[in-house]
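The following exercises are to be worked through with the sequence and the three-dimensional structure at hand. Each task is followed by a solution in steps.

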There are 2 protein chains.
Amino acid sequence: MDKPLIFITNDDGVNALGFRTLVETARRIGNVIAIAPETTQSGKAHAITMYSPLYLRQVRKEEGVEVYACSGTPVDCVKMAFDHLLADNYPDLTLSGINHGSNSAISVIYSGTMGAAIEASFYNRPSIGFSLDDHSEHADFSAASEYAEKIIRDTLAGVTDLPLCLNVNIPAVPYAEIKGIKICRQNRGFWKERFVCRQDPRGADYYWLTGEFFNSEPHSEDTDEWALKNGYISIVPIQTDLTNYPQMDKLAILAGDSGE
Amino acid sequence: MDKPLIFITNDDGVNALGFRTLVETARRIGNVIAIAPETTQSGKAHAITMYSPLYLRQVRKEEGVEVYACSGTPVDCVKMAFDHLLADNYPDLTLSGINHGSNSAISVIYSGTMGAAIEASFYNRPSIGFSLDDHSEHADFSAASEYAEKIIRDTLAGVTDLPLCLNVNIPAVPYAEIKGIKICRQNRGFWKERFVCRQDPRGADYYWLTGEFFNSEPHSEDTDEWALKNGYISIVPIQTDLTNYPQMDKLAILAGDSGE
């Protein structure tokens with residue numbers, strides 16, 4: 001069988017250790033083409049670039065690996081792949097990450113890593129976003145790489161239900177301490193922000209956004225947040241129908257006077 | 001009864017006609033405090049600003065209306081309201097828009113207008129995103145304003161089920177031609193992009209992202225896209241648990257060898 005074609009992107013930028021680790025991991029399985037943002041795009045969610053043009057430059061080309069840098073967001077990188085560079089040769093699988101920092105619970109909605117993974121799944125090819133629960137620049141990705149390889153191989157071999165988008169979060173512990181893999185649901189919780197106010201040299205106030213996550217259900221063992229904090233790798237399958245179906249009937253009053 | 005406090009933001013920027021229309025509409029109902037982005041933030045989705053500080057400046061203050069401009073994204077504006085400016089006095093309702101251009105179907109996931117509305121709903125206060133199906137700068141918002149006022153009043157008076165986040169899309173036709181309001185589900189479809197390639201003055205290629213929406217279910221009359229294209233205002237209640245529950249059982253293979 002031909003080697004699979006694996007497309008890779010991320011949100012920490014083309015030079016991030018987690019991205020380079022994922023490229024090397026995927027090389028062991030297939031041919032890799034990657035487009036990553038030139039600079040950090042953390043927190044860029046599902047943003048696309050509408051009011052400036054995009055540049056694309058090749059930064060690496062060798063047997064089985066091509067890497068490009070794009071001036072846009074993670075979702076731009078995915079569109080650049082599927083609608084331009086690989087438009088005639090869709091990849092068999094898209095990977096995003098490995099992110100420096102977790103994307104469990106509601107963080108999925110702010111995450112550029114997951115924005116890219118979600119976007120790729122719209123093209124009816126499987127996608128996986130990987131995140132390590134360690135924000136540091138020089139985090140240890142060795143266990144994450146081993147588990148990512150297993151999850152990639154198992155997905156390519158055995159998962160046929162499309163669309164498929166997986167949110168994988170990996171605890172920042174040595175390989176031997178990872179207790180296993182759990183299929184989870186998204187934890188409920190929220191970010192409470194605090195703005196740090198400073199004065200610029202001209203005397204004007206400016207603010208840094210800084211937040212803290214509050215887990216609304218810390219004891220729910222079926223959630224990604226619980227799994228991650230208890231030594232398991234969490235996998236949440238993702239969908240993008242945001243309709244609140246149970247709420248629809250309760251809103252009849254809003255359609256009331258209009259003949260609905 | 002005291003006048004309600006209404007917070008307003010948008011993604012087209014503080015000078016957009018749709019935003020100014022919504023401020024004037026909301027003034028007829030309550031006291032208004034608004035924080036809108038300094039510049040256009042279309043397509044910014046749920047992005048937050050992590051690597052640059054935010055500035056906030058007051059641009060208008062008169063009886064019952066205060067308007068600020070923020071250097072960040074629509075979601076930053078919401079956080080700036082709930083975690084800074086209005087931290088001790090949460091608004092009764094958040095409005096986002098009125099967007100120049102529709103945000104039906106999967107566009108909800110790319111939309112800065114809806115990113116802001118969704119974020120506001122995390123603070124356990126109702127929120128409504130309004131979008132008019134007309135991208136033009138000088139679009140006619142008169143019918144949108146009348147219907148927005150009705151929906152705002154009905155929501156304040158009669159909807160008590162929280163969290164509540166509504167995605168409201170309004171057809172760009174005169175008031176008399178709007179057939180009514182429909183409570184809908186999110187249409188299934190996708191954006192197919194085309195990159196327009198040009199050369200900059202230095203000879204380097206650059207790309208403009210330009211896309212077209214494909215409706216995967218054009219005849220489904222219960223969707224927002226159908227309602228909007230057939231003269232109705234669509235209202236989709238929004239939730240943010242992205243878990244694909246039906247798919248969880250099919251992924252057991254991925255947890256297989258790990259003692260799960």
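**Exercise 1. Determine how many salt bridges the count between chain A and chain B gives, and characterise the polar side of this interface.**

Step 1. Apply the criterion: a salt bridge is a side-chain nitrogen of Lys or Arg within 4 Å of a carboxyl oxygen of Asp or Glu. Between chain A and chain B the count is six salt bridges. This is a predicted model, in which local features need pLDDT of at least 70 and side-chain atom pairs count only at pLDDT 80 or more, while totals for chains, interfaces and linings use all residues. Side-chain values use heavy atoms, without hydrogens and water; residues are numbered from 1 along each chain as its sequence is written, and chains are lettered from A in the order in which they are written.

Step 2. Inspect one example: B:Glu193 and A:Lys79 meet through their side chains in a salt bridge, at 2.5 Å from N to O.

Step 3. Extend the search to polar contacts (pairs of N or O atoms within 3.5 Å; within protein, one must be able to donate a hydrogen and the other to accept it, and residues adjacent in sequence count only if both atoms are side-chain atoms). Between chain A and chain B, 32 residue pairs are in polar contact, both residues being at pLDDT 80 or more.

Step 4. Locate the contributors. Helix 2 (residues 74-85) of chain A gives the most to the side of chain A that touches chain B, with six residues; helices are DSSP runs (H or I, at least four residues), as are strands (E, at least two), numbered from the N terminus.

**Exercise 2. State the extent of the interface between chain A and chain B, and the area buried there.**

Step 1. With contact defined as heavy atoms within 4.5 Å, 82 residues of chain A touch 82 residues of chain B.

Step 2. Buried area is the accessible area (1.4 Å probe) that two parts lose on being put together, summed over both. For chain A and chain B this is about 7,500 Å², with carbon and sulfur atoms giving 62%.

Step 3. On the side of chain A, the residues that lose the most area to chain B are A:Tyr207, A:Leu242 and A:Leu254, together 11% of what that side buries.

**Exercise 3. Find which rotation superposes chain A on chain B.**

Step 1. Superpose by least squares on the C-alpha atoms of residues with pLDDT of at least 70 in both copies. The result is a rotation of 180° with 0.0 Å of shift along its axis, at an RMSD of 0.0 Å.

Step 2. Such a relation is that of a two-fold axis. The same surface serves both copies, since 100% of the contact residues of chain A recur in chain B.

**Exercise 4. Decide whether B:Arg185 and B:Glu217 are buried or exposed, and describe their salt bridge.**

Step 1. The closest N and O atoms of B:Arg185 and B:Glu217 are 2.8 Å apart in this salt bridge.

Step 2. B:Arg185 belongs to the loop between strand 8 (180-183) and strand 9 (189-199) of chain B, and B:Glu217 to the loop between strand 10 (205-215) and helix 5 (224-229), so the pair ties together parts 32 residues apart in sequence.

Step 3. Buried means under 20% relative accessible area, exposed over 50%, partly exposed in between (1.4 Å probe, protein chains only). Both B:Arg185 and B:Glu217 are buried.

Step 4. For contrast, examine B:Glu62 and B:Arg60, whose salt bridge has its closest N and O atoms 3.1 Å apart. B:Glu62 is partly exposed at 39% relative accessible area, and B:Arg60 is partly exposed at 25%.
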